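The following explanation is intended for a reader who meets this structure for the first time. Please keep the sequence and the model in view while reading.

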Amino acid sequence: MSFVNAEAYSEGNNCTKIFTKVLMNEFSQWINWRADRRDSVLDVGSGPGNTVRESIYPLLPPNFTRLVLSDISPQMVELQRKEFSGFKRVSCEVLDIGSKISDEMKKKLSTFDHVTSFFCLMWVADQQRAMDNIYSLLKPGGDCFLAIVADTPVLDALISVCEKPQWKNCFAGWRDFYAFPYLKLDEAKEKGLKLLKEAGFIEMRAELRQQMFNIASDWEKENFLRAMPDGLSRDISEEEREMIFRERVSVFDAFNIGEYRDNCGRIEKPATLLILYGKKGHLEA
């Protein structure tokens with residue numbers, strides 16, 4: 001799953017930056033930071049990099065050894081490199097965490113003390129492959145901290161057009177395209193923990209978190225929604241694409257909590273997040 005409209009996403013992802021700051025401040029004590037503070041970190045699905053720079057990088061120990069940002073989208077990785085231009089000990093790589101990682105890439109990346117991921121893994125169809133890959137990229141004793149969107153009005157907006165008679169033939173296979181594997185909230189924690197266990201993790205934790213996210217303006221809202229993977233299975237005209245987009249916006253706007261906007265004019269929407277943590281055991285002597 002690739003966000004090809006990288007520029008639009010970078011201009012509309014303020015809500016994810018806010019979310020990530022909140023989660024890192026609240027849950028960073030779960031992470032098993034090294035005593036010598038020479039931690040290495042891989043972030044999966046880093047998008048344009050601005051969230052990592054504002055919400056994760058400032059919390060790293062001053063003497064961390066390296067931070068690697070990654071994304072399936074080459075366009076996003078290019079934005080990451082611009083975002084972190086001149087930063088020492090930071091690099092950016094194209095990585096598909098939901099597919100087999102080549103031996104060449106494994107050698108290039110090596111292993112890390114920590115793997116983090118925010119608002120990415122719900123797009124991955126093969127969750128077990130993703131967890132297995134994360135496990136393989138950790139050092140013995142390393143850990144992962146993952147924030148995954150379980151349910152969101154964004155998904156409702158995206159899929160709202162997929163079965164409509166007018167558009168149905170444009171969205172063949174959309175159920176597989178929009179993975180979102182934790183929609184059954186009463187099963188989400190158990191499912192996440194099972195996937196971690198199957199990968200080999202120990203000392204696992206799972207928590208569901210209800211979260212409001214604020215979108216500052218209609219301009220930010222439209223950039224955010226335009227950046228979402230559209231799920232189209234065939235080429236359509238620009239006019240048709242815009243019609244589909246406007247239908248999705250109208251569905252998104254229908255998910256109101258109380259007043260549509262708060263006193264500052266921000267748009268408020270609910271989401272449910274699945275927070276997962278797992279630790280990789282130390283190798284036996």
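The account below moves from the whole chain to its strands, then to a helix and to the salt bridges.

The model is a predicted one. In the protein chain, the secondary structure amounts to 11 helices and 7 strands. Of the 285 residues in the protein chain, 49% are buried. The surface that the chain exposes is about 13500 Å², and carbon and sulfur atoms account for 50% of it. When contacts between residues at least 6 apart in sequence are considered, 80% of them join residues at least 24 apart.

Strand β4, residues 112-118, is a convenient place to begin. How many of the residues of β4 are buried? The strand is mostly covered, with 7 of its 7 residues buried. Strand β1 (residues 40-44) runs parallel to β4, and 4 bridges join the two. Within this pairing, aspartate 43 has threonine 116 of β4 as its bridge partner. Strand β5 (residues 138-151) also runs parallel to β4, to which 6 bridges join it. Here threonine 116 stands opposite phenylalanine 145 in β5. Threonine 116 is thus a useful landmark, since it is paired with aspartate 43 and also stands opposite phenylalanine 145. Together with helix α6 (residues 127-136), β4 and β5 form a β-α-β unit that is right-handed.

A further parallel pair consists of strand β2 (residues 66-71) and β3, joined by 5 bridges. In this pair, aspartate 71 is found opposite valine 94 of β3. Between β2 and β3 the chain passes through helix α4 (residues 74-83), and the resulting β-α-β crossover is right-handed.

Attention may now turn to helix α11, which comprises 17 residues, 238-254. From its first C-alpha to its last, α11 reaches 25 Å, close to the 24 Å expected at 1.5 Å a residue. Which residues of α11 are buried? They are Ile244, Phe245, Glu247, Arg248, Val249 and Phe252.

The charged side chains remain to be described. Side chains of opposite charge can pair when their charged atoms come close. The model contains 19 salt bridges. One of them involves helix α11: arginine 226 and glutamate 242 meet with a distance of 3.0 Å from N to O. This pair links distant parts of the chain, as arginine 226 belongs to helix α10 (residues 218-227) and glutamate 242 to α11, 16 residues apart. Arginine 226 is partly exposed at 32% relative accessibility, and glutamate 242 is partly exposed at 29%.

Another salt bridge leads back to strand β3. Lysine 108 pairs with glutamate 93, and their closest N and O atoms are 3.0 Å apart. Because lysine 108 lies in helix α5 (residues 103-109) and glutamate 93 in strand β3 (residues 90-94), the pair ties together parts that are 15 residues apart in sequence. Are these two partners buried or exposed? Lysine 108 is exposed, with a relative accessible area of 55%, whereas glutamate 93 is buried, with a value of 11%.

A final group of charged residues forms a network of salt bridges that links Lys21, Arg53, Glu54 and Glu83. Within this network, arginine 53 forms a salt bridge with glutamate 54, and the closest N and O atoms are 3.8 Å apart. Arginine 53 is partly exposed at a relative accessible area of 30%, and glutamate 54 likewise counts as partly exposed at 28%.

Notes: Residues numbered from 1 in each chain as written. Predicted model: local features only at pLDDT ≥ 70, side-chain atom pairs only at ≥ 80, totals over all residues. Heavy atoms only, no water. Expected span 1.5 Å × (residues − 1). Buried < 20%, exposed > 50% of the residue type's maximum accessible area, 1.4 Å probe, protein only. Salt bridge = Lys/Arg side-chain N within 4 Å of Asp/Glu carboxyl O. Pairing = 2+ DSSP bridges. Right-handed = clockwise from strand over helix to strand, strands pointing away. Contact = heavy atoms within 4.5 Å. Areas by Shrake-Rupley, 256 points an atom, 1.4 Å probe, with all protein chains shown as cover.
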